[in-house]
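The following note is offered for the discussion of this model. Its points are numbered so that each may be taken up separately.

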Amino acid sequence: MPTFSATSTAPVNIATLKYWGKRDVKLNLPTNSSISVTLSQDDLRATTTARASDRYTQDKLWLNGTREEIEKKPRTLTVINELRKARAEMEKADPSLPGLASLKLQIVSENNFPTAAGLASSAAGFAALVNAVALLYKLPHSPTELSVLARQGSGSACRSLFGGYVAWEMGSKDDGSDSQAVEVAPIGHWPSMKAAVLVVSAAKKDVSSTAGMQVTVHTSTLFKERITNVVPQRFEKMKKAIIDRDFPEFARLTMADSNQFHAVCLDSEPPIFYLNDVSRAAIRTVEAINAAAGKIIAAYTFDAGPNCVIYYLEENEQAVLSGLSCLNGVSGFPQVSAAASGDDRWS
Ligand code: 2P0
């Protein structure tokens with residue numbers, strides 16, 4: 001039998017309405033719905049090749065050139081098992097198909113950006129893995145159906161199955177079958193949206209998202225208010241701001257949600273700190289840029305790390321980037337990713 005091979009890439013997505021908290025740890029079911037913008041895959045992306053061969057004696061995985069033990073990665077195992085199960089069902093329905101489901105896999109994945117530094121590396125990584133194996137297996141699944149599989153690898157990965165503006169609907173079923181990503185708007189809907197990524201630190205974060213969010217779920221009183229009374233309304237308002245291409249509203253909601261996410265981290269016991277002095281200087285700089293413009297032309301957001309992503313519209317690029325150039329302590333600046341260029345899907 002020949003070696004079967006498929007390669008796929010998936011870009012990073014940066015949440016504008018943050019996922020923080022699980023109601024089911026094993027299935028990666030979130031406590032709230034979230035929204036993100038998928039960055040251009042020209043900039044921050046994972047590329048994964050999956051091969052199947054009868055010469056392979058075990059499943060093997062390499063991440064950024066290092067061999068990882070799949071058997072010690074339960075979420076990776078779950079995702080591979082689910083994809084294999086889907087292929088086995090296809091082969092059962094059509095016995096003329098080559099028997100790929102029974103072959104061992106070799107998977108090689110590379111990120112072109114720092115891993116685990118709050119730049120959504122697991123999101124791009126699991127999305128690329130799911131895309132590559134689904135391509136190898138020729139699965140007929142839609143991006144939303146694949147997002148349910150990617151979610152089980154890493155929650156935020158489900159949103160990287162789409163380009164453009166994406167919602168992860170938390171769902172209500174216990175089996176997680178309705179906890180999935182859907183498109184809010186394609187890339188071309190708001191093509192002037194851009195994102196500048198300020199790399200404040202490429203170091204691995206102290207507290208992983210997976211661990212940190214459950215500390216928050218179990219200890220923060222502010223968190224209960226957030227998931228009950230804040231996020232549900234914000235979810236609807238943000239979708240509307242995207243559909244209406246209302247940048248000031250989109251920006252206000254994005255900054256408010258980043259601030260509340262970091263506030264619930266601080267409200268956790270023990271407290272979780274992801275922002276540092278340079279991050280806070282970036283916030284002040286964006287406030288100053290908006291004050292100088294007399295309107296909101298830039299929005300900051302921070303994930304589980306000190307690195308800053310700033311959303312702005314192309315027509316304001318000069319004002320935003322020249323304002324940011326005053327900022328010290330940022331390496332790799334400015335890494336500008338068009339949030340809205342290229343295709344909606346990738347291979
Ligand atoms: C987000 N983050 O919505 C939020 C904002 C970090 C802060 O999704 O445990 O790596 O693998 O499901 O997806 C990071 O969480 O966590 C994350 P797991 P994940 O982008």
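1. Pro270 is located in the loop that connects helix 6 (247–266) with helix 7 (277–293). Helices (H or I, at least four residues) and strands (E, at least two) are DSSP runs, numbered from the N terminus. The peptide bond joining Glu269 and Pro270 is cis, with omega about 0°.

2. On provenance, this is a predicted model, in which local features need pLDDT of at least 70 and side-chain atom pairs count only at pLDDT 80 or more, while totals for chains, interfaces and linings use all residues. Residues are numbered from 1 along each chain as its sequence is written.

3. Where does the ligand lie with respect to domain 1 (4–187) and domain 2 (193–338)? Both domains give residues to the shell around the ligand, so it lies between them; the domain bounds come from an automatic or database domain assignment. Of the 16 residues around the ligand, those that come nearest are Ala15, Tyr19, Ser154, Gly155 and Ser156. A residue is near a molecule if its C-beta atom, placed from the backbone, lies within 6 Å of it.

4. The shell around the ligand comprises six nonpolar, eight polar and two charged residues. In this division, Ala, Val, Leu, Ile, Met, Phe, Trp, Tyr, Cys and Pro count as nonpolar, Asp, Glu, Lys and Arg as charged, and the others, Gly among them, as polar. At least two residues of the shell are supplied by each of helix 2 (121–136) and helix 4 (209–219).

5. Helix 4 also merits attention for its burial pattern. Its buried residues are Ser209, Met213 and Thr216. Seen down the helix axis, they fall within an arc of 55°, so they line one face of helix 4; the arc is that of the directions from the helix axis to the C-beta atoms. The face turned away from this buried side carries the exposed residues Ala211 and His218. A residue is buried if 20 or more other C-beta atoms lie within 10 Å of its own, exposed if 12 or fewer, and partly exposed in between, with C-beta atoms placed from the backbone.

6. An open sheet is formed by five strands in the order 1-6-9-7-8, with mixed pairing. Two strands pair if DSSP finds at least two bridges between them. Strand 1 (4–11) and strand 8 (66–68) are the edge strands, each pairing on one side only. Strand 1 and strand 6 (residues 45–53) run antiparallel and are joined by eight bridges; Ala10 has Ala46 of strand 6 as its bridge partner.

7. Is strand 2 (residues 13–17) enclosed or exposed? Five of its five residues are buried, so strand 2 is largely enclosed by the rest of the structure. Four bridges connect strand 2 to strand 5 (residues 34–38), and the two run antiparallel. Ile14 has Val37 as its bridge partner in strand 5.

8. Two residues other than glycine call for a check of the backbone. Asn28 has phi near 55°; Asn28 is in the loop between strand 3 (22–24) and strand 4 (29–30) and is buried, with 23 other C-beta atoms within 10 Å. Lys138 has a positive phi of about 50°; Lys138 is in the loop between helix 2 and helix 3 (143–153) and is partly exposed, with 13 other C-beta atoms within 10 Å.

9. Ser177 lies in the loop between strand 10 (165–169) and strand 11 (180–185). Ser177 is exposed, having 11 other C-beta atoms within 10 Å.
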